[in-house]
Amino acid sequence: MEEYLLDNNLSIIESEEKYRSVITNVKIKKGTIIISSPAMGIVLMESARDSYCHNCLSLMQKNKNRCSRCKVAHYCSKECQVNAWKNGHKYTCKLWKEKKLFDNDLMDIDLLVQVVLQISKWNDNSGDEPNKKSSTIFEPGSMTPEKLKDISESDESINWKNKEEKINREAFLSLMTHQDKIEFEEWKYLRDITKAVFLIAPDLESKTSESELIQHLLRFKCNNFVCHDSQLFGIAESAFPVGSLFNHSCSPNATLYYHGNRQIIRAMRDIQQGEEICITYTDVMNSRENRQKLLFEKYKFKCHCERCMDENGLDKKLIPFEEEEIIKDDSILSKKEKEEEERKRKKKEEEDFNKMKGQLKTDAISIHDILDFEKCKALEIDKSSILESYPLLKFIVIVASKLLPVLEFSDEDYSKIHYQLIENINPLQLNIFTLVCKYTYYCIDANDHLHAAYASLYVLMAYLVFLGRYHPLTGLQWLTFGKLVWNIGDDYKKEALYSLHQAKNSIMISEGRSDVLEEIENLIKQFS
């Protein structure tokens, strides 16, 4: 595994505090692919099972191959269907057809079978002649998914893929299980899952044991990823052991995304030689208290990253969610009670959206002025009395006046301005932020592009402050805002093009996804 990481200009450093850390042996520029690795196992979520190939995770066209037995699994090609059958579906097909277990249990069993087969494959071939030591040191990101596809039939590609499968096995078996922190009821669940595996695949008993299966399940629990699509919606539970080697930070220097059944880790900013590469395991728009709670519950550690330890930094400007009223269980309500609960919900939602409409007063300050650097700076003084009455608009103006003019600055210079900004903004209430997100789509559904644009701009400014200029969500929000201002009218053509170019810059660095970039390029041509 160390040799494989060295091929990608990476090294592992062990420590008592973090167990181990992955550092870079070279300076990495932002936007560079750091490493790309294949999945060891993938199971699609229910909402995505009709849209994506169950083997390679590609978005399927109209012509697709469906498993004739379970009628659940779909494939983009006959080749994928055959591969999926060999990689575990031959065992789990019956379970998916009968659906006698909860969906989450089925997913755990399916993923476990896939991983066991991958491990046993290398155990069976352990006597084979090992791969010759690589004499090539690859540039960061050199074995990208596109390049692997281009040379898919070459010996180099076959050898590299075999090596990746072997490294996946080594990496997976090295992951922590935290079995000392598991409660009794959880042990019972783990044993039930392992029994189910041996019931559907009795021949696996010669390849593994109940104890090993439980260890694998524990690794899933605190190491697995949720694959997401180009809009960052989750579509699959997955095991990417190489990605699991990277530690968490609430202020990460790298992001990850998915290309079919491959995971790509990419630099969000310039990373210096010897610096640790960190991704994030949780939503960093959450408050520190909630992040720490989620990280300990799932990953069994308390975060001591730079952001969490800075008492005067970002988290001082985040107000956690307030406790919401407990939602009644629909299953115990009568039809009349359900209708009454729905009526109350809609009434409250309507009241909340009216508040948002009043706060994001579209005739108080124009989008033209907000996106004009000089005019925006003047707004803080000229419109100070108005802004005090509309805190959401005030937040937009302050962030826009400070950050938009410096978006092209170096990481160091941008960080200085960003830190100064944090001292000048009022705390962001996460309840209000979530409500504005909902209000944005409410306005979009109502074809109210003007109010949707103002709400979208508020969300965008929040992302710039709390996620950063090169986060995938920031790029997508620039794209959403650009579309909305274009739909307001021809007077907003300049603002639309500016927003699309910012979206392009952000996504090129954070993800570089060809499908999203192609959409942006087409819109720029259309709007020009």
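## Close-up views of the predicted model

**View 1. Helix 16 passes helix 17 in a left-handed crossing.** Left-handed means that the near helix is turned anticlockwise from the far one by less than a right angle. The model is predicted, so local features need pLDDT of at least 70 and side-chain atom pairs pLDDT 80 or more, while totals for chains, interfaces and linings use all residues. Residues are numbered from 1 along each chain as its sequence is written, and side-chain values use heavy atoms, without hydrogens and water. Helix 16 covers residues 430-445 and helix 17 residues 449-466; helices (H or I, at least four residues) and strands (E, at least two) are DSSP runs numbered from the N terminus. The two axes come within 8 Å and cross at roughly 145° (lines fitted to C-alpha atoms, for helices over the stretch in contact, with angles from 0 to 180 degrees between N-to-C directions). On the helix 16 side, the contact (heavy atoms within 4.5 Å) is made by Ile-432, Phe-433, Val-436, Cys-437, Tyr-439, Thr-440, Cys-443 and Ile-444. Helix 17 answers with His-451, Ala-452, Ala-455, Ser-456, Tyr-458, Val-459, Ala-462 and Tyr-463. The residues of this contact divide into 13 nonpolar, three polar and no charged. (Ala, Val, Leu, Ile, Met, Phe, Trp, Tyr, Cys and Pro count as nonpolar, Asp, Glu, Lys and Arg as charged, the others, Gly among them, as polar.)

**View 2. Strands 3, 11 and 10, in that order, make an open antiparallel sheet.** Strand 3 (33-38) and strand 10 (254-259) stand at the edges, and since each has a single partner strand, one side of each is left without a neighbour in the sheet. From one strand to the next, the twist averages 20°. Strands pair if DSSP finds at least two bridges between them. Strand 10 is joined to strand 11 (residues 262-267) by six bridges, and strand 3 pairs with strand 11 over five. If you would like to find your bearings, look for Ala-254, whose bridge partner in strand 11 is Ala-267. On the strand 3 side, Pro-38 stands opposite Arg-262 of strand 11. Strand 3 is mostly covered, with six of its six residues buried (under 20% relative accessible area; exposed is over 50%, partly exposed in between; 1.4 Å probe, protein chains only). Helix 19 (residues 493-510) lies across strand 10 and strand 11, and runs at about 115° to strand 11.

**View 3. Two of the model's aromatic pairs are shown here, from the 14 found in the whole structure.** Rings of Phe, Tyr and Trp (its six-membered ring) pair if their centres lie within 6.5 Å; planes under 30 degrees apart are stacked, over 60 edge-to-face, the rest tilted. Tyr-299 and Phe-301 form a tilted pair, 6.5 Å centre to centre with 45° between the planes. Tyr-299 is buried at 13% relative accessible area, whereas Phe-301 is partly exposed at 25%. Tyr-439 and Tyr-442 form a stacked pair, 6.3 Å centre to centre with 25° between the planes. Both tyrosines lie in helix 16, three residues apart, about one turn of the helix. Tyr-439 is buried, with 2% relative accessibility, and Tyr-442 is partly exposed, with 43%. Elsewhere, Phe-225, Phe-240 and Tyr-258 form one aromatic cluster.

**View 4. Leu-232 has a positive phi although it is not a glycine, and so does Lys-300.** For Leu-232 the angle is about 70°. This leucine lies in the loop between strand 7 (225-228) and strand 8 (234-239), and is partly exposed at 23% relative accessible area. For Lys-300 phi is about 65°. Lys-300 sits in the loop between helix 8 (288-299) and helix 9 (306-309), and is buried at 15% relative accessible area.

**View 5. Gln-81 has its place in helix 2 (residues 78-98), and Lys-64 is found in a loop between strand 4 (41-44) and strand 5 (65-66).** Gln-81 is buried, with a relative accessible area of 17%. Leaving aside neighbours within four places in sequence, Gln-81 is in contact with Asn-65, Arg-66, Cys-67 and Tyr-75. Lys-64 is partly exposed at 35% relative accessibility. With neighbours within four places again left aside, Lys-64 is in contact with Asp-50, His-74 and Tyr-75. For a sense of scale, the C-alpha atoms of Lys-64 and Leu-430 are separated by 42 Å, and these residues are 366 residues apart along the chain.
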